[in-house]
Amino acid sequence: MPAPSGSPLLPRIRLLATGGTIAGAQPSAGGPGYKAAVFSAEALIAAVPQLTDRAEIEIEQVAAIGSQDMDTATWRKLAQRTQAAVDDPRISGVVVTHGTDTLEETAFFLNLVVRTGKPVVLVGAMRPATAISADGPMNLYNAVAVATHPDSADRGVLVVANDEVHFAREVAKTNTTQVGTFRATHRGLAGIVNSGRLHLYAPPVRRHTAASEFAPLAPAPLPRVDIVYAYAGMGRELLDAAVQTGAGGLVIAGVGEGNLGAEAVQAAAAAARKGVAVVRSSRTGGGVVERNIEVDDDGLGFIAADELNPQKSRVLLMLGLTRSRDPLELQAMFLSY
Ligand code: SIN
């Protein structure tokens, strides 16, 4: 539904709302506890009247969930609605409101499956809409500013929070509660945005959106890919259980450079021999996982995650498995996206 606007000459933005803390409410201001996804997208927009000077905003409520409940069905719906929006010649860009917990996964998924050069911007908030000094209103204002800016085109999906602009591939949530939670450990910020004034830096380095082989999203079902977290003394039980219960792919959140103990390596190798794709990522939160350093990836048929953290490795592996089960072809994808 169209929101009130300041001028017919303003750019037109489609806002796709999914819930999250940005739409959350506390039982009492400043008190503990809150419920995500309480306020409608219309209410979020109404709380930032300055938006009427920036854009005509069309609102679509795609979901109303805390992002811990984000799943592949909702990803598919969101991808379809985002693609429909960017394919509409009246629309200049898309803003997606989203909980912060899994925002980085949704952003990377859309970065791989939406075919467009138009800006697509995800935005969340760490404090509920009713909190003292809620961060949602400024984040939303900045997100609309980024989505309407011509320089934001052809940069893949962007994430806006705390006056910062991040690339979908690079960004990760790194803190449970603080407003500066989003960080990009490898390549830094895409830019900054001060009260709507945008300063962008270097473009993204890997394939995305219009250059992605996964865009637009195909109807083929996405296979189940599980993440198994490595630790000192890890055995093989969780890996075996994942395979026995039907996982088509495994991502190991390995210690250090994607390592895992000898018994777990044997279980992962057995999984690979059965045709289950095995990706070695790292639980460290930063750095590259390269092939054949301490693990014989060539011999065991494993894939090294390069810079992708476990949750983003899972997204790419799900999509990759719709194209190939060959470890070397999947490896090439991890070096391209
Ligand atoms: C959520 O991810 O939906 C809850 C947490 C947040 O949005 O900050």
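What radius of gyration would a compact globule with 337 residues have, and what does the protein have? The globule value is near 20 Å, and the protein has 20 Å, so the two agree.

This is a predicted model. Along the principal axes, the C-alpha atoms fill a box of roughly 65 × 45 × 35 Å. The protein contains nine helices and 14 strands. Of its 337 residues, 55% count as buried.

**Ligand site**

Ten names make up the surroundings of the ligand: Gly20, Thr21, Tyr34, Gly66, Ser67, Gln68, Gly99, Thr100, Asp101 and Ala125. Among them, Thr21, Ser67 and Thr100 surround the ligand and place polar side-chain atoms at these distances from ligand oxygen:

| Residue | Side-chain N or O atom to ligand oxygen |
|---|---|
| Thr21 | 2.9 Å |
| Ser67 | 2.5 Å |
| Thr100 | 2.4 Å |

On its own, the ligand has 250 Å² of accessible area, and the protein covers 95% of that.

**Surface patch**

Which residues form a nonpolar patch on the surface? They are Tyr229, Tyr231 and Leu238. Together they have about 330 Å² of accessible area. Tyr231 sits in a loop, with β11 (225-229) on one side and α5 (237-244) on the other. Is Tyr231 buried, partly exposed or exposed? Its relative accessible area is 38%, so Tyr231 is partly exposed. The cut-offs behind that label are under 20% for buried and over 50% for exposed. Patch membership asks for over 30% relative accessible area, and Tyr231 has 38%.

Note on methods: Residues are numbered from 1 along each chain as its sequence is written. This is a predicted model: local features need pLDDT of at least 70, side-chain atom pairs count only at pLDDT 80 or more; totals for chains, interfaces and linings use all residues. Side-chain values use heavy atoms; hydrogens and water are left out. Patches are made of residues with over 30% relative accessible area and no salt bridge: like charges are joined within 9 Å, nonpolar side chains (Val, Leu, Ile, Met, Phe, Trp, Tyr) within 5 Å. Accessible areas come from the Shrake-Rupley method with a 1.4 Å probe; for residues, only the protein chains shown count as cover. A salt bridge is a side-chain nitrogen of Lys or Arg within 4 Å of a carboxyl oxygen of Asp or Glu. Helices (H or I, at least four residues) and strands (E, at least two) are DSSP runs, numbered from the N terminus. Buried means under 20% relative accessible area, exposed over 50%, partly exposed in between (1.4 Å probe, protein chains only). A residue is near a molecule or strand if one of its heavy atoms lies within 4 Å of it. A polar contact is a pair of N or O atoms within 3.5 Å; within protein, one must be able to donate a hydrogen and the other to accept it, and residues adjacent in sequence count only if both atoms are side-chain atoms. The radius of gyration is taken over C-alpha atoms; the globule rule is 2.2 Å times the number of residues to the power 0.38.
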